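Visitor: Could you take me through this structure? I should like to ask about its parts one at a time.
Guide: Certainly; let us bring it up first.

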2 protein chains.
Amino acid sequence: MRPDAVRGHLDGLILAVLEDGPRHGYAIIEALQTRSGGALDLPTGTVYPALRRLERAALLSGTWSTVAGRERRTYTLTRSGRHALAGQRAEWNEFSAVVDAVLRPAAGRPAGGLS
Amino acid sequence: MRPDAVRGHLDGLILAVLEDGPRHGYAIIEALQTRSGGALDLPTGTVYPALRRLERAALLSGTWSTVAGRERRTYTLTRSGRHALAGQRAEWNEFSAVVDAVLRPAAGRPAGGLS
DNA sequence: ATACATATGTAGGCACTCTACTTATAGCTT
DNA sequence: AAGCTATAAGTAGAGTGCCTACATATGTAT
């Protein structure tokens, strides 16, 4: 998968991972890898700024802690974050249906548009 | 659907429309609307530059003509364009499977990642 | 005459992800 | 002891690509 592909959908992916419970950035990156079967290997330079952005937008709240001598910032979904996640899921469903419909070869598209 | 959503997937959508046969820019925009059931209403400032970009990349070839007093640039899929379309379809299938897998709520994800 | 549909395009802005780099601790290997 | 890898968080700067807004022109309908 080309590196840029998640553009515009990263927020939803992060929110979805955090739905299972609070996690820190590094763990979020690993969860994204696991859940995607290894296809998603996002660089820290992508994820950490995204987390700060989501926190600024009040979709996440973050708190510092020290675990085994290492600084961690643990993020938790806020109520608006949960709401935003629902919205992202709805948007994704619509979007993927649209792209499926347009991308489908002529043979499979009987002059009807979206089914 | 938010305006920006097609980012990174527009090339594939245009290529797919052109698979049915040559079309000019304005007709491509209309075809995109029709095939998407009205969800895709792309501004000319998005589509025309994309067409020029795809032509520069030799995925399309364009020719001028005059129809009913109006200038048209008609675009045709090249051989590499057809090849690129196949690649875009494959990429889309992988990408949408990945996003589906990550976005799916915990209840539907039995600790397995991609099915 | 005025408006709308058809048709193509440019300029500038903006948001988001990427690459590359920096900093720091813990644990393991050589 | 030195070096490497994993863990952990970040910044700086670049590039891409879609958007808004604007400019231009012809044909058709009101």
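**Surface near the DNA**

Guide: In this predicted model, the surface near DNA strand D draws at least two residues from each of α2 (25–35), α3 (44–56) and β3 (70–77) of chain A, and likewise from α3 (44–56) of chain B.

Visitor: Which residues come nearest to DNA strand D?
Guide: Among the 28 residues around DNA strand D, the nearest are A:Tyr26, A:Arg52, A:Arg72, B:Pro3 and B:Thr46.

Visitor: And how do those residues divide by class?
Guide: The surface near DNA strand D has nine nonpolar, eight polar and 11 charged residues.

Visitor: What share of the strand D atoms within 4 Å of the protein belongs to sugar or phosphate?
Guide: Sugar or phosphate accounts for 64% of the atoms of DNA strand D within 4 Å of the protein, and bases for the rest.

Visitor: Which polar atoms of the protein lie by strand D? A few examples, please.
Guide: One is a polar side-chain atom of A:Arg7, which is 3.1 Å from a base nitrogen of DNA strand D. A polar backbone atom of A:Glu71 is 3.4 Å from a sugar or linking oxygen of DNA strand D. On the other chain, a polar backbone atom of B:Gly8 lies 3.1 Å from a phosphate oxygen of DNA strand D.

Visitor: Let us turn to strand C. Which elements supply its surface?
Guide: For DNA strand C, α3 of chain A and α2, α3 and β3 (70–77) of chain B each supply at least two residues. Of the 28 residues around DNA strand C, A:Pro3, A:Arg7, A:Thr46, B:Arg52 and B:Arg72 come nearest. By class, the surface near DNA strand C comprises 10 nonpolar, eight polar and 10 charged residues.

Visitor: What do A:Arg7 and B:Arg72 approach there?
Guide: An N or O atom in the side chain of A:Arg7 is 2.6 Å from a base oxygen of DNA strand C. For B:Arg72, a polar side-chain atom lies 2.5 Å from a phosphate oxygen of DNA strand C. Another phosphate entry concerns B:Gly25, with a polar backbone atom 3.4 Å from a phosphate oxygen of DNA strand C.

Visitor: A change of topic: how many residues does each protein chain bring to the contact between them?
Guide: Chain B contributes 37 residues and chain A contributes 37 residues. The area buried between chain B and chain A is about 3,300 Å², with 63% of that area given by carbon and sulfur atoms. On the chain B side, B:Arg35, B:Trp92 and B:Leu103 lose the most area to chain A, together 21% of what that side buries.

Visitor: How many salt bridges and polar contacts are found there?
Guide: Two salt bridges cross the interface of chain B and chain A. In one of them, B:Arg2 pairs with A:Glu91, and the closest N and O atoms are 2.6 Å apart. Polar contact joins 10 residue pairs between chain B and chain A.

Visitor: Which element of chain B gives the most?
Guide: α4(B) gives the most to the side of chain B that touches chain A, with 12 residues. That side as a whole divides into 19 nonpolar, seven polar and 11 charged residues.

Visitor: Finally, what rotation superposes chain B on chain A?
Guide: A rotation of 180° with 0.0 Å of shift along its axis does so, at an RMSD of 0.0 Å. The two copies are therefore related as by a two-fold rotation axis. Both copies use the same surface, and 100% of the contact residues of chain B recur in chain A.

Definitions and conventions:
Residues are numbered from 1 along each chain as its sequence is written. Chains are lettered from A and ligands numbered from 1 in the order in which they are written. This is a predicted model: local features need pLDDT of at least 70, side-chain atom pairs count only at pLDDT 80 or more; totals for chains, interfaces and linings use all residues. Side-chain values use heavy atoms; hydrogens and water are left out. Contact means heavy atoms within 4.5 Å. Buried area is the accessible area (1.4 Å probe) that two parts lose on being put together, summed over both. A salt bridge is a side-chain nitrogen of Lys or Arg within 4 Å of a carboxyl oxygen of Asp or Glu. A polar contact is a pair of N or O atoms within 3.5 Å; within protein, one must be able to donate a hydrogen and the other to accept it, and residues adjacent in sequence count only if both atoms are side-chain atoms. Helices (H or I, at least four residues) and strands (E, at least two) are DSSP runs, numbered from the N terminus. Ala, Val, Leu, Ile, Met, Phe, Trp, Tyr, Cys and Pro count as nonpolar, Asp, Glu, Lys and Arg as charged, and the others, Gly among them, as polar. Copies are superposed by least squares on the C-alpha atoms of residues with pLDDT of at least 70 in both. A residue is near a molecule or strand if one of its heavy atoms lies within 4 Å of it.
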